[in-house]
Amino acid sequence: MKARTATAVLLPALLSVTVGCGSTNTPASGKGPDPKGSASAPGKSASAGTSGAAGAAGSSGTGGAGETGATAGTGGPRRGSSRLERAALEQGDLAGYQISANGKNPNAPDGQPQADRKACQPLADIMGDKPDPAARETVNRGVGSQKQLGLAVSASVSSYAESDAKALIARLKDAVAACATGFTATVEKQTGTYREVKAADYKTGGDESVSWTTTAAAEGVTAQVHLVVVRQGDTVVRLMALNVTGGRQTPQVPHEVADKQLQKVRAAR
């Protein structure tokens, strides 16, 4: 629990406790994790537990008309869902993974972390409730591996003006290069440090992408984190992976998770 609590401080956008454990238990038939999404838009927010809110991988928000989440147990968004809800991963999309949008980890602070170095702010933002302040709407999911014990992935899709989406990828590439020695980020008076920021070679689809690894530390606990951010038109996919058991093995976003997420983004357009 200490590792998971510290992880919530380190990565506010990362996973509910249930999915974060990477449980190997298969949900009973018809009783999969609640697939309702957290659709957050600027100026619209709600705490965990609010009806139709709270995604497993980030802070929550109340969607407007037509932004309702999926019907529980159906494995897919119901008719009238927003494009991002249709693009988000759902339970049943990936064999060997448990996908959830249950309430946000109660230990996780809300909002966007503030970096101690301006050049590193894009990297701090990506750890927050949405990839950066220009996001119009964000839908979050938590993905727990049933194949690799402890592997947890936060998956989100965000809508942008296409020019803003392109600018985000460019800023992230610059920040990875500028912040190799690390930075500190604070959200709701809770602080974490990110050391050894290194560009990672990660092949994926989409129009353009950026990937890096870092070592996060807070409350005496450290965790290796792998991040992948992909732009597909005006949509940005953010994927963050770590081992919540605290193992020393460097985690990696599974390619099958990234590929499926991008497939759904393209299909929802």
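Let me start with P122, which sits in helix α4. This is a predicted model, so please hear every value as computed from that prediction. P122 has a relative accessible area of 13%, and the cut-off for buried is under 20%, so P122 counts as buried. Leaving out residues up to four places away in sequence, P122 touches R171, L172 and A175. There is also a distance to note here: the C-alpha atoms of P122 and D132 are 7.1 Å apart, and these two residues are separated by 10 places along the chain.

Next to P122 in the sequence is L123, and that brings me to the core. The largest nonpolar core has 27 residues. Which of them touch the most other members? They are L123, L172, F183, W212 and V229. Two or more residues each come from α4, α5, β6, β7, β8, β9 and β10. In residue numbers, α4 is 121-126 and α5 is 162-178, and the strands begin with β6 at 183-187 and end with β10 at 235-243. The top contributor is α5, with 6 residues. A second core lies apart from this one; it has 25 residues, including V143, Y202, V237 and V265. As background, nonpolar side chains in soluble globular proteins tend to be buried together.

Now F183 in more detail. Its relative accessibility is 5%, so F183 is buried. Not counting residues up to four places away in sequence, the contacts of F183 are A115, D116, C120, L123, A124, G192, T193, Y194 and V197. Y194 in that list deserves a closer look. A search of the whole structure turns up 1 aromatic pair. The pair is F183 with Y194: the ring centres are 5.0 Å apart and the planes meet at 20 degrees, so the pair is stacked. F183 belongs to strand β6 and Y194 to strand β7, so the pair ties together parts 11 residues apart in sequence. Y194 is buried too, at 2% relative accessible area.

C120 was also on the list of F183 contacts, and C120 is half of a disulfide. How many disulfides does the structure hold? The count is 1. The disulfide joins C120 to C179, with the sulfur atoms 2.0 Å apart. The angle about the S-S bond is -115 degrees, and the link is left-handed. In sequence terms, the pair connects distant parts of the chain, 59 residues apart. C120 is in the loop between β3 and α4, while C179 is in the loop between α5 and β6. Buried or exposed, these two cysteines? Both C120 and C179 are buried.

One polar residue before the totals. N140 lies in strand β4, residues 137-145. With a relative accessibility of 0%, N140 counts as buried. The side chain of N140 makes a polar contact with the side chain of R238, at 3.2 Å.

Finally, the chain as a whole. The secondary structure comes to 6 helices and 10 strands. The chain has 269 residues, and 55% of them count as buried. If we take contacts between residues at least 6 apart in sequence, 67% join residues at least 24 apart. The exposed area of the chain is about 10700 Å², and carbon and sulfur atoms supply 47% of that area.

Terms used. Residues numbered from 1 in each chain as written. Predicted model: local features only at pLDDT ≥ 70, side-chain atom pairs only at ≥ 80, totals over all residues. Heavy atoms only, no water. Core = buried A, V, L, I, M, F, W, Y, C linked by side-chain atoms within 4.5 Å. Buried < 20%, exposed > 50% of the residue type's maximum accessible area, 1.4 Å probe, protein only. Helix = DSSP H or I, 4+ residues; strand = E, 2+ residues; numbered from the N terminus. Contact = heavy atoms within 4.5 Å. Disulfide = S-S within 2.5 Å. Areas by Shrake-Rupley, 256 points an atom, 1.4 Å probe, with all protein chains shown as cover. Phe/Tyr/Trp six-rings, centres within 6.5 Å; stacked < 30°, edge-to-face > 60°. Polar contact = N/O pair within 3.5 Å; in protein donor to acceptor, adjacent residues only side chain to side chain.
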